[in-house]
Amino acid sequence: MSTVNKKGVACVTGGSGYIASALIKMLLEKGYAVKTTVRNPDDTAKNSHLRELQALGPLTVLRADLDEEGSFDEAVAGCDYAFLVAAPVNLETENAEVRGHHRTQWRRTQKNQGVAEITAKKMHAVI
Ligand SMILES: NC(=O)c1ccc[n+]([C@@H]2O[C@H](COP(=O)([O-])OP(=O)(O)OC[C@H]3O[C@@H](n4cnc5c(N)ncnc54)[C@H](OP(=O)(O)O)[C@@H]3O)[C@@H](O)[C@H]2O)c1
C-alpha cells in the first residue's frame, strides 16, 4: 500500500468486526488509506468483506492480537490516526484485568509509533 495519500493513513483495529467494518468503509470513501488488523487473515469467512472494501481504496490487512505484546506495532507504524476498535466481546473474559492489559498494550504501541488514538470526541474531525 502506498503511504502517499492526500488525507492520510488510518489504522482501524478489529477489521472483521461490525463497527470497524463500517468505519473502514467510511474512511476509504473519504479518501483515507487504511491499515486494519484481524487475528486470522486466512479466515476468509470472517474477512471476505475486507476484500470487497479493497475496491474502494488502499486497504491493507495485517494480523494482530491484543493478547500479544507488540502485535499492533506494524499496523500502527506510519499512520496518522489510530482507532482501537478491536475488543473481546466475550463476557467470560471481559474483566477489568484483561481490559487493563489490552489498554496498556495499545498505549505502548501508540507511544512507540508516535500515533495519537482517535477518541469519540475527535472522530468527527477525521470522518
Ligand atoms: N456494535 C455496537 O452497536 C456497539 C456500540 C457501542 C460500542 N461498541 C463497542 O465497539 C467495539 C467493537 O464492537 P463490535 O460490535 O464491532 O464487535 P465485533 O463485531 O464482535 O468485533 C470485535 C472485534 O474485535 C476483535 N477482537 C476480539 N478480541 C481480540 C483480540 N484479543 N485481539 C485482537 N482483536 C480482537 C475481533 O476480531 P476477530 O475477528 O479476530 O475475533 C473483532 O474484529 C466493542 O468495544 C463494543 O463494545 C459496539
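# Close-up views of a predicted model

**View 1. Ala75 sits in helix 3 (residues 73-76).** The model shown here and in the views below is predicted. Ala75 is buried, because 23 other C-beta atoms lie within 10 Å and the threshold for burial is 20 or more. Leaving out residues up to four places away in sequence, Ala75 touches Cys11, Thr13, Lys35, Thr37, Leu62 and Ala64. Of these, Cys11 belongs to strand 1, where it is buried. Lys35 and Thr37 lie on one side of strand 2, and both are buried. Leu62 is 13 residues from Ala75 along the chain, and the two C-alpha atoms are 6.6 Å apart.

**View 2. The protein chain holds five helices and four strands.** Along the sequence, the elements follow the pattern β-α-β-α-β-α-β-α-α. The protein chain has 127 residues, and 28% of them are buried. Take the contacts between residues at least 6 apart in sequence: 69% of them join residues at least 24 apart.

**View 3. Four strands build an open sheet with parallel pairing.** The strand order is 3-2-1-4. Strand 3 (59-63) and strand 4 (81-83) are the edge strands, and each pairs on one side only. On average, neighbouring strands are turned by 20° against each other, direction ignored.

**View 4. Strand 1 (residues 9-12) pairs in parallel with strand 4.** Three bridges connect strand 1 and strand 4. Ala10 has Tyr81 of strand 4 as its bridge partner. Val12 faces Phe83 in strand 4. Strand 1 also pairs with strand 2, again in the parallel sense, over four bridges. Here the bridge partner of Cys11 is Lys35, and that of Val12 is Thr36. Val12 therefore has a partner on either hand: Thr36 in strand 2 and Phe83 in strand 4, as pairing is read from DSSP bridges.

**View 5. The side chains of strand 1 point two ways, and all are buried.** In a regular strand, side chains alternate between the two faces of the sheet. Val9 and Cys11 point one way from strand 1. Ala10 and Val12 point the other way.

**View 6. Strand 2 (residues 33-38) is joined to strand 3 by five bridges.** The two strands run parallel. Val34 stands opposite Leu59 in strand 3. Thr36 stands opposite Val61 in strand 3, and Thr36 is also the bridge partner of Val12.

**View 7. Strand 2 is covered on both faces.** Six of its six residues are buried. One side carries Ala33, Lys35 and Thr37. The other side carries Val34, Thr36 and Val38.

**View 8. Two right-handed β-α-β units involve strand 2.** One unit consists of strand 1, helix 1 and strand 2. Another consists of strand 2, helix 2 (residues 44-53) and strand 3.

**View 9. The ligand is surrounded by 17 residues.** The closest are Ser16, Gly17, Arg39, Ala86 and Ala87. Helix 1 (residues 18-29) gives the most to this shell, with three residues. By type, the shell around the ligand divides into 10 nonpolar, three polar and four charged residues.

**View 10. Gln110 lies in helix 4 (residues 96-113).** Gln110 is partly exposed, because 18 other C-beta atoms lie within 10 Å. That count falls between the limits for exposed, 12 or fewer, and buried, 20 or more. Neighbours within four places in sequence aside, Gln110 contacts Val76, Ala82, Val115, Ala116 and Glu117. Val76 is part of helix 3 (residues 73-76). Ala82 falls within strand 4 (81-83), an edge strand of the sheet. Ala77 is 33 residues from Gln110 along the chain, and their C-alpha atoms are separated by 8.8 Å.

Definitions and conventions. Residues numbered from 1 in each chain as written. Predicted model: local features only at pLDDT ≥ 70, side-chain atom pairs only at ≥ 80, totals over all residues. Near = placed C-beta within 6 Å. Nonpolar A, V, L, I, M, F, W, Y, C, P; charged D, E, K, R; others polar. Axes fitted to C-alpha atoms, helices over the stretch in contact; angles between N-to-C directions. Right-handed = clockwise from strand over helix to strand, strands pointing away. Contact = placed C-beta atoms within 7 Å.
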